[in-house]
Amino acid sequence: MQSEVSSRAKNVTRYGCLLLAVSFLAGCKLPGKPKDGPEVPRPEQVLSFDELYAANCSGCHGAHGEKGPAMNLANPEYQALVDDASLRDIIVNGEKGTLMPAFGEKQGGELTDAQVNVLVKGLRAKWGKGDVLSGLNAPTWKATHAGDPAAGKLVYEAACARCHSASGSQPSKGGSILDGSFLAVVNEQMIRTTVIAGRPDLGMPDWRSLKQSGPLTDNEVTDVTAWLMSQKPALPGQPYGSAAPAQPAAAPANKISGKD
Ligand code: HEC
Ligand code: HEC
């Protein structure tokens, strides 16, 4: 149907954009040594949030922190959910299993510790609105234990299927998140973060109104994430080098993580 075709096309375009951005980043090391001088500051001397964000992040996360191919950072709930240390860790080390690159110098990236600190502070100053989750009993950003995929399937049916379809092949307004090529480039944290903080830039509500009968509990978020990860194809065609599947022999074809 029309809507399904267009939401799939949207996913394909989105991840196509991510790949483009990745290859651009890989190929854009400045040749030679940049000249000293006020007009051309050395890259490591740039300490303005706006410049650092525009040069390193906006291609994937959107010029204004939203509506980019990757998660929206200009979501006050997201800013309240994640602590400074975790933000710094993601920027320095990247997010394994997704297309989020590592920016730390020791990790082969281009950003100094000082620049990472500017980014962390700037993200808060620009897009944080303080502790907007205070008193709301929000699930924690990181899962505290492994989820139960079987319980997660029921959560999916109660809280996700009405927007994302009951199977990978039905039309849905949120697009199919059961699509193997989508699952191949996301990890547990990305899904968890999206479920808790929502995607206000794309019209997905937060954890409080996904299930019609009430907010999702921390366990439900953990379980639905585990179930989605268990749907990741064991051999997703390996278009992305980092999305290494678990040993195919060790698990049934459609499960690579979690318990049965
Ligand atoms: C090549 C694309 C790309 C670039 C460039 C990029 N990111 Fe990301 N980022 C991603 C993807 C993909 C994810 C995983 C989540 C998703 O799929 O939306 C991610 C995730 C994140 C997260 C974690 C969200 C969570 O789950 O809690 C943060 C924080 C983040 N990026 C910050 C940055 C910052 C700051 C920069 C610039 C220094 C940056 N990113 C540059 C693609 C990118
Ligand atoms: C009220 C409708 C609605 C519900 C319920 C809902 N979502 Fe969404 N979701 C959306 C919309 C709309 C988008 C944005 C789709 C787009 O523009 O690509 C989205 C996007 C997402 C994305 C990001 C996809 C991408 O392409 O980056 C993930 C992951 C996601 N949803 C997971 C879930 C999970 C898991 C649940 C159940 C716990 C859920 N959603 C429930 C509407 C919903």
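Colleague: Let's start with ligand 1. Which helix gives the largest share of the shell around it?

Modeller: That's helix 1, which supplies 4 residues, the largest share of the shell around ligand 1. Keep in mind that this is a predicted model.

Colleague: Which other helices supply at least two residues of that shell?

Modeller: Besides helix 1 (2-27), you'll find helix 3 (58-61), helix 5 (84-93) and helix 10 (188-197).

Colleague: How many residues surround ligand 1, and which are the closest?

Modeller: There are 27 of them, with Cys57, Cys60, Met71, Met100 and Thr193 the closest. Sorted by class, the shell has 20 nonpolar residues, 6 polar ones and 1 charged.

Colleague: And where does ligand 1 lie with respect to domain 1 and domain 2?

Modeller: Look at who contributes to the shell. Domain 1 (44-133) and domain 2 (149-250) both do, so ligand 1 lies between them.

Colleague: On to ligand 2. Which residues come nearest to it?

Modeller: Out of 22 residues around ligand 2, the nearest are Cys160, Cys163, Gly174, Leu202 and Met204. Helix 1, helix 8 (161-164) and helix 10 are the elements giving two or more residues to this shell. By class, you get 11 nonpolar, 6 polar and 5 charged residues around ligand 2.

Colleague: Now the helix packing. What describes two packed helices?

Modeller: Two things: the angle between their axes and the distance between the axes. Try helix 5 and helix 6 (residues 113-127), whose axes come within 10 Å and cross at roughly 130°.

Colleague: Are helix 5 and helix 6 oblique or parallel to each other?

Modeller: Angles from 65 to 115 degrees count as roughly perpendicular, and those over 145 as roughly antiparallel. The crossing at roughly 130° therefore makes helix 5 and helix 6 oblique to each other. Helix 5 also passes helix 6 in a right-handed crossing.

Colleague: Which residues meet there?

Modeller: From helix 5 come Asp84, Leu87, Arg88, Ile91 and Val92, and they meet Val116, Leu119, Val120 and Leu123 in helix 6. That contact has 7 nonpolar and 2 charged residues, and no polar ones.

Colleague: How would I read helix 2 and helix 6?

Modeller: In the same order. The axes of helix 2 (residues 49-56) and helix 6 come within 9 Å and cross at roughly 100°, and the two helices are therefore roughly perpendicular to each other. Helix 2 brings Phe49, Leu52 and Tyr53 to the contact, while helix 6 brings Gln115, Val118, Leu119, Gly122 and Lys126. These residues divide into 5 nonpolar, 2 polar and 1 charged.

Terms used. Residues are numbered from 1 along each chain as its sequence is written. Chains are lettered from A and ligands numbered from 1 in the order in which they are written. This is a predicted model: local features need pLDDT of at least 70, side-chain atom pairs count only at pLDDT 80 or more; totals for chains, interfaces and linings use all residues. A residue is near a molecule or strand if its C-beta atom, placed from the backbone, lies within 6 Å of it. Ala, Val, Leu, Ile, Met, Phe, Trp, Tyr, Cys and Pro count as nonpolar, Asp, Glu, Lys and Arg as charged, and the others, Gly among them, as polar. Domain bounds come from an automatic or database domain assignment. Axes are lines fitted to C-alpha atoms, for helices over the stretch in contact, and angles run from 0 to 180 degrees between N-to-C directions. Angles under 35 degrees count as roughly parallel, over 145 as roughly antiparallel, 65 to 115 as roughly perpendicular and the rest as oblique. A crossing is left-handed if the near helix is turned anticlockwise from the far one by less than a right angle, and right-handed if clockwise. Two residues are in contact if their C-beta atoms, placed from the backbone, lie within 7 Å.
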